Amino acid sequence: MNSETVGGRLRAPAGTDGYGAAAEALVDQYESVTFAEVHREVLHLFPSRSSSVLDIGAGSGRDAAALALQGHRVVAAEPTTELRSLGHFSMPTRRSSGSMTRSPSCRS
């Protein structure tokens, strides 16, 4: 793992290169289909009881928000600042049925 720093902060992993510049188009693409549509083949594998979920590489937060609405406790980790600012991360997502929080290491 590359642990270089820029201005005293950890540099985003090279695997995220390009996501920031394409964030608006990516959020539009991710949000153009629902959680259920994307995961229809594996929905039966998701827990039916409220569970703790870690969504790594959460993108727009679509999946994390859908899981929170199903009653799960979700921590969404997205390393790309632009995706976090455009997606579901920009609004509070606490619901009576579940909750979603941003990973502390992914705060802008």
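**Contacts of R62 and the arrangement of the chain**

A polar contact of 2.7 Å joins the side chain of R62 to the side chain of D63. The model in which this contact is found is a predicted one. A second approach involves the backbone of Y30, whose oxygen is placed 2.6 Å from a polar atom of the R62 side chain. R62 belongs to helix α3, which covers residues 62-69. Its relative accessibility is 14%, and R62 is therefore classed as buried, since the term applies under 20% relative accessible area. When residues up to four places away in sequence are set aside, R62 touches Y30, E31, V33, T34, F35, V38 and H88.

The surroundings of R62 within α3 are also mostly covered, with seven of the eight residues of this helix buried. These buried residues are R62, D63, A64, A65, A66, L67 and A68. Both partners of the side-chain contact described above, R62 and D63, are thus included among the buried residues of α3. Just after the helix, G71 adopts a positive phi of about 100 degrees.

The wider fold can now be described. The protein chain contains four helices and five strands. Read from the N terminus, these elements follow the order β-β-α-α-β-α-β-α-β. Of the 108 residues in the protein chain, 33% are buried. Among contacts with a separation of 6 or more, 56% are made by residues 24 or more positions apart. One example of distant positions in sequence is given by A22 and L83, which are separated by 61 residues along the chain and by 9.0 Å in space, from C-alpha to C-alpha. A22 is located in the loop between β2 (9-10) and α1 (23-31). With a relative accessibility of 30%, A22 counts as partly exposed.

One aromatic pair is present in the structure. It is formed by F35 and F46, whose ring centres are 5.4 Å apart and whose planes meet at 70 degrees, so the arrangement is edge-to-face. The reasoning rests on the angle, because planes over 60 degrees apart are counted as edge-to-face. F35 is part of helix α2 (residues 35-38), whereas F46 is in the loop between α2 and β3, so the pair ties together parts that are 11 residues apart in sequence. The two rings are covered to unlike degrees: F35 has 7% relative accessibility and counts as buried, while F46, with a relative accessible area of 28%, is partly exposed. F35 is also one of the residues touched by R62.

Attention then turns to the surface. The protein chain exposes about 7,000 Å², of which carbon and sulfur atoms supply 54%. A nonpolar surface patch of about 290 Å² is formed by L54, I56 and V75. Of these residues, I56 is found in strand β3, which spans residues 52-56. Its relative accessibility of 66% means that I56 is counted as exposed, because this class begins over 50%. R62, by contrast, has a relative accessibility of 14% and is counted as buried.

Conventions
Residues are numbered from 1 along each chain as its sequence is written. This is a predicted model: local features need pLDDT of at least 70, side-chain atom pairs count only at pLDDT 80 or more; totals for chains, interfaces and linings use all residues. Side-chain values use heavy atoms; hydrogens and water are left out. Patches are made of residues with over 30% relative accessible area and no salt bridge: like charges are joined within 9 Å, nonpolar side chains (Val, Leu, Ile, Met, Phe, Trp, Tyr) within 5 Å. Accessible areas come from the Shrake-Rupley method with a 1.4 Å probe; for residues, only the protein chains shown count as cover. A salt bridge is a side-chain nitrogen of Lys or Arg within 4 Å of a carboxyl oxygen of Asp or Glu. Helices (H or I, at least four residues) and strands (E, at least two) are DSSP runs, numbered from the N terminus. Buried means under 20% relative accessible area, exposed over 50%, partly exposed in between (1.4 Å probe, protein chains only). A polar contact is a pair of N or O atoms within 3.5 Å; within protein, one must be able to donate a hydrogen and the other to accept it, and residues adjacent in sequence count only if both atoms are side-chain atoms. Contact means heavy atoms within 4.5 Å. Rings of Phe, Tyr and Trp (its six-membered ring) pair if their centres lie within 6.5 Å; planes under 30 degrees apart count as stacked, over 60 as edge-to-face and the rest as tilted.
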